[in-house]
Amino acid sequence: MLKIGDNAPSFCAPNQDDVEICSRDLAGKWIVLYFYPKDLTPGCTTQACDFTDKHSFFDDLDAVILGVSADDTEKHRKFIDKYDLTITLLSDTSKKMCEDFGVWQLKQFMGKEFMGVVRTTFIINPEGKIAAIWDKVSVRKKKSVKGEKIEILHVDEVREKLQELQSKN
């Protein structure tokens with residue numbers, strides 16, 4: 001299992017336009033790499049739309065956002081077109097990236113066990129090291145603050161962590 005401070009596994013995968021994106025080409029940049037189960041499903045759509053809505057905040061932090069699933073590039077293109085997504089989606093049909101990052105795991109749903117992507121987000125620093133990890137991500141969670149229920153967006157947690165990490169550099 002990867003931990004903070006480990007070298008991020010190198011990767012190359014096609015994006016929604018069948019253009020290969022490789023970690024070596026992103027050296028020197030901050031990368032928000034998030035793994036999600038499946039295009040066009042409720043939680044994954046919410047997550048992709050949240051990252052799209054906050055995309056400019058990440059641009060201001062000079063960070064690249066990459067979403068990864070085992071869906072093919074054609075399905076990624078449909079997902080992007082349907083929801084006007086501005087983020088880059090990588091296709092990992094071989095599941096090599098998912099396995100390298102440790103997110104291809106045994107899951108359970110309605111009493112059935114199967115292998116699948118566990119929703120996980122990594123921040124990779126410009127030196128190629130894992131700087132932050134969120135596993136078993138809840139895209140949106142409710143929290144009680146002074147008796148009032150508020151919604152916490154995962155994308156905001158990631159942005160705040162990225163700001164914090166960059167302020168230490």
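Two strands count as paired if DSSP finds at least two bridges between them. The model used in these exercises is predicted.

**Exercise 1. Find what joins strand 4 to strand 5, and which residue stands opposite L66.**

Step 1. Locate strand 4 at residues 63–69. Strand 5 covers 88–91.
Step 2. Look up the bridges: 4 of them join strand 4 to strand 5. Pairing needs at least two, so these strands pair.
Step 3. Check the direction. The two strands run parallel.
Step 4. Go to L66. T88 in strand 5 stands opposite L66.

**Exercise 2. Work out the strand order of the sheet and name its edge strands.**

Step 1. The sheet is open and has 5 strands, in the order 5-4-3-8-9. Its pairing is mixed.
Step 2. Strand 5 (88–91) and strand 9 (130–134) are the edges, as each pairs on one side only.
Step 3. Add the twist, which averages 20 degrees from one strand to the next.

**Exercise 3. Place helix 3 and helix 5 on the strands.**

Step 1. Helix 3 (residues 73–83) lies across strand 4 and strand 5. Its angle to strand 5 is about 160 degrees.
Step 2. Helix 5 (residues 154–168) lies across strand 3, strand 4, strand 8 and strand 9. Helix 5 runs at about 160 degrees to strand 9.

**Exercise 4. Decide whether M110 is buried or exposed, and name the patch it helps make.**

Step 1. Find M110 in the loop between strand 6 (104–109) and strand 7 (112–117).
Step 2. Its relative accessible area is 73%. Exposed means over 50%, so M110 is exposed.
Step 3. F109, M110 and F114 make a nonpolar surface patch of about 380 Å².

Conventions. Residues numbered from 1 in each chain as written. Predicted model: local features only at pLDDT ≥ 70, side-chain atom pairs only at ≥ 80, totals over all residues. Heavy atoms only, no water. Axes fitted to C-alpha atoms, helices over the stretch in contact; angles between N-to-C directions. Contact = heavy atoms within 4.5 Å. Patch = residues over 30% accessible without salt bridge, like charges linked within 9 Å, V, L, I, M, F, W, Y side chains within 5 Å. Areas by Shrake-Rupley, 256 points an atom, 1.4 Å probe, with all protein chains shown as cover. Salt bridge = Lys/Arg side-chain N within 4 Å of Asp/Glu carboxyl O. Buried < 20%, exposed > 50% of the residue type's maximum accessible area, 1.4 Å probe, protein only.
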